[in-house]
Amino acid sequence: MAKRDYYEVLGVSRSCTEIELKTAFRKAAMECHPDRNPGDASAEVRFKEVNEAYQTLSDQQKRASYDRYGHAAFEHGGGGFGADGFAASMSDIFDDLFGDVMSRRGGRNGPARGSDLRYNLDITLEDAFNGKVATLTLPASVSCDACGGSGAKTGSKPRPCPTCAGQGRVRAQQGFFSIERTCPHCHGRGEIIDDPCQSCGGAGRVTRERSLSVNVPPGVEDGTRIRLSGEGEAGQRGGPAGDLYIFISTQPHPFFKREGADLYCRVPISMVKAALGGEVEVHTLEGAPAKVKIPEGTQSGRQFRLRNKGMPVLRSRDVGDLYIQVDVETPQNLTKRQRELLAEFETESSNTTHPESSGFFAKMKDFFENLSGQ
């Protein structure tokens, strides 16, 4: 049976780069890997074909020879693939596909880094303005003091696993394939604890409740993440502890709304004050009140800016602003005399008194009159 073109096997063009070649190989190898296709003989053949194609095209000299002469370049002992070569390439595939994952975990049976932890901390807007030192109480796994994290009783120590000879993995031969799996006896630790520590039951870690102090800086925003290095779960087999990540959540404020470093506050004022002008006094997060001058004829929705009365900017000397939005309140529950005064005021009003409403209705009238006259 004639061999298929190596480029066709991997699904790449003849001008593909090394990165494109490696990506295509990884995808094809994972799809037809024997572990993913148990009992499928065609998958084994396909896997061998993919591996052979990659071993040729990933070598620059072999690829150049193949591009010039095709499969004939490797006939008659010209660099074919025997059983030994194929077994070796299988090991490369495992390292290629899973090596990064294993290295991040600190090896199969060596010390393992502890897991990271997350804590959600609710604070008030005043806390975010002033900053605070928060005390957290949380349960976490810490290294066992009695055994020093080894899991073995004091005076004893773990011994190498006889099944895997301390490697934490065992290898099984299946025809052409050599498959590595986690040791079922020691579960990948590479060690057997005959006399476990009574305090931790051989785990090397215990769960305890602990208190931590965390500094919440002024200006911290909702969703800010604070990292406490080494305050996460204790590591396994003497490995380093993970980290603790604190996520800040700011509670809603009854008066202020925050947008970045700026604050917004809605202040109702009377119709008379809006018409005649005056002053309103509002409190800021600094604690001291601030006076806002309301000019004569102020309309509802107008904003007044108080500079440097907003939130501090995190890790900066800058400060945001406070915006006061006034809403003119329509009077309710009027007395008879108040109604008479308002009716008298309405009678004496002119277009200059209510320029916006007068202009609006005049424009509306003209628009529909012109529309009906067309």
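1. Glu 340 is partly exposed in this predicted model, where its relative accessible area comes to 39%. Its side chain takes part in a salt bridge with Arg 337, and the closest N and O atoms of the two residues are 3.6 Å apart. Both residues belong to helix α8 (residues 336-348), and because they stand three residues apart in that helix, Arg 337 and Glu 340 are separated by about one helical turn.

2. A salt bridge also joins the side chains of Lys 309 and Glu 286, with an N to O distance of 3.2 Å. Lys 309 lies in the loop between β14 (303-306) and β15 (322-329), whereas Glu 286 lies in the loop between β12 (278-283) and β13 (289-294), so the pair ties together parts that are 23 residues apart in sequence. Lys 309 counts as partly exposed at 28% relative accessibility, and Glu 286 is likewise partly exposed, with a relative accessible area of 44%.

3. Which partner of the salt bridge between Lys 132 and Asp 127 is buried, and which is partly exposed? Asp 127 is the buried residue, at 19% relative accessible area, a value that falls under the 20% cut-off for that class; Lys 132, at 30%, is partly exposed. Their side chains meet at 3.7 Å, taken from N to O.

4. Beyond these pairs, a network of salt bridges links Arg 4, Glu 8, Arg 46 and Glu 49. The structure holds 16 salt bridges in total, and the pairs described above, including Lys 309 with Glu 286, are among them.

Key:
Residues numbered from 1 in each chain as written. Predicted model: local features only at pLDDT ≥ 70, side-chain atom pairs only at ≥ 80, totals over all residues. Heavy atoms only, no water. Salt bridge = Lys/Arg side-chain N within 4 Å of Asp/Glu carboxyl O. Buried < 20%, exposed > 50% of the residue type's maximum accessible area, 1.4 Å probe, protein only. Helix = DSSP H or I, 4+ residues; strand = E, 2+ residues; numbered from the N terminus.
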